[in-house]
Amino acid sequence: MSRSLHAAAAVLLLLCLLEQPAAPAPLHGSKWSYFGPDGEKSWSKKYPACGGMLQSPIDLHSDILQYDASLVPLGFQGYNVSDNEQFILTNDGHSVRLNLTPDMHLQGLRSRYTATQLHLHWGNQNDPHGSEHTVGGKHFAAELHIVHYNSDLYPNASSASNKSEGLAVLAVLIEIGSFNPSYDKIFKHLQDVRYKGQEVLIPGFSIEELLPERPDEYYRYKGSLTTPPCHPTVLWTVFRNAVQISQEQLLALETALYYTYVDDPSPREMVNNFRRVQEFEERQVYISFRQGIILSVVLAGVLGICVVLAVSIWLFRRKKSSKKSDNKGVIYKPAIKKETEAHA
């Protein structure tokens, strides 16, 4: 009887443990930074995935691109948020983050993805090349990430035990150009979240306005989070076309924020908060557009024809010049023939 009671108690304890919800793993880990002893070079010590496979960001260059006709234009459901609603803008100690509403969904992917937040990466005012992804080795001034979690796996945000799993991220490359009123809806509030942990409510606006022109042209690949824990479970969509912000807007982003709390005796400016390009290994990047590939082929063909024509013209001129050289110094005397005939 005693053994039966012990067995029943063990089963009951096991059932209780199984019913306990798993503690959510922090998206950014316990402690890490972009420089110093907890900087990028040491991430893999605490977060092994950071030194593993399928890491992001990457360089998008022609050798790894493959056109995929199945890549359809994405749909952005619920992205147009009324200014009667409000977003929470936060300094999370790594970037400036805008929490998004659960009504925002991506359409056009195999699973349903719900928006959770967006944030930015940038350099510094002396070296404004802070994008994470590069194109043909080219860095852009900054990069915006719009993060979505797989709501087929997690029906609602509270049920997502770890939203670093099964993510879809939209990446927008940012370059210096003209003033961007849509981005200013975020940038004009940066002074309210200068220090880590500070947050402010801002009026809602259309998140779709932050996307570039022709968002149906994009790169697609499987990669990882670009911050610890670096889980390789991210479906990346990097838009082909960049958006422009003004020099003044970029400067505000590069100089307004701090990694540290307001009362920290050693304040640190929030600059260079981007991860370096990672090894691509044996992966493929799929693209939704043909124009670049066709243009390359056409340019190569035109160049080839120009080379052939140039060589042909050069050979023709050289041959003509050679004939002139051979005939130089020869004197024709047509009268001699007449004199010969006269004596015959």
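Strands are runs of at least two residues assigned E by DSSP, numbered from the N terminus. In this predicted model, the chain contains 15 such strands, together with 6 helices.

A good place to start is the chain as a whole. Of its 344 residues, 42% are buried. Among contacts with a separation of 6 or more, 73% join residues that lie 24 or more positions apart in the chain. The accessible surface amounts to about 19700 Å², and carbon and sulfur atoms account for 56% of that area.

Attention can now turn to the largest pocket, which holds about 590 Å³ of space. Its lining is formed by 24 residues, and those nearest the centre are L109, R110, R220, K222 and L235. Two strands, β12 (218-223) and β13 (234-239), each contribute at least two residues to this lining. The most generous contributor is β12, which supplies 5 residues. By residue type, the lining comprises 12 nonpolar, 7 polar and 5 charged residues.

A word on confidence helps in viewing the model. The average pLDDT of the chain is 84, and 73% of the residues reach at least 70. Two stretches call for some care. Over residues 293-302, pLDDT stays under 50, and the model shows 2 contacts beyond four places in sequence for this segment. Residues 335-344 also keep a pLDDT under 50, with 0 contacts beyond four places in sequence. Predicted coordinates should not be read in detail where pLDDT is low.

Terms used:
Residues numbered from 1 in each chain as written. Predicted model: local features only at pLDDT ≥ 70, side-chain atom pairs only at ≥ 80, totals over all residues. Heavy atoms only, no water. 1 Å grid on protein atoms, 1.4 Å probe; cavity = no way out; pocket = protein on both sides within 12 Å on 5 of 7 lines; lining within 4 Å. Points joined across faces, edges and corners; volume = space filled by probe spheres on them. Helix = DSSP H or I, 4+ residues; strand = E, 2+ residues; numbered from the N terminus. Nonpolar A, V, L, I, M, F, W, Y, C, P; charged D, E, K, R; others polar. Buried < 20%, exposed > 50% of the residue type's maximum accessible area, 1.4 Å probe, protein only. Contact = heavy atoms within 4.5 Å. Areas by Shrake-Rupley, 256 points an atom, 1.4 Å probe, with all protein chains shown as cover. pLDDT = per-residue confidence, 0-100.
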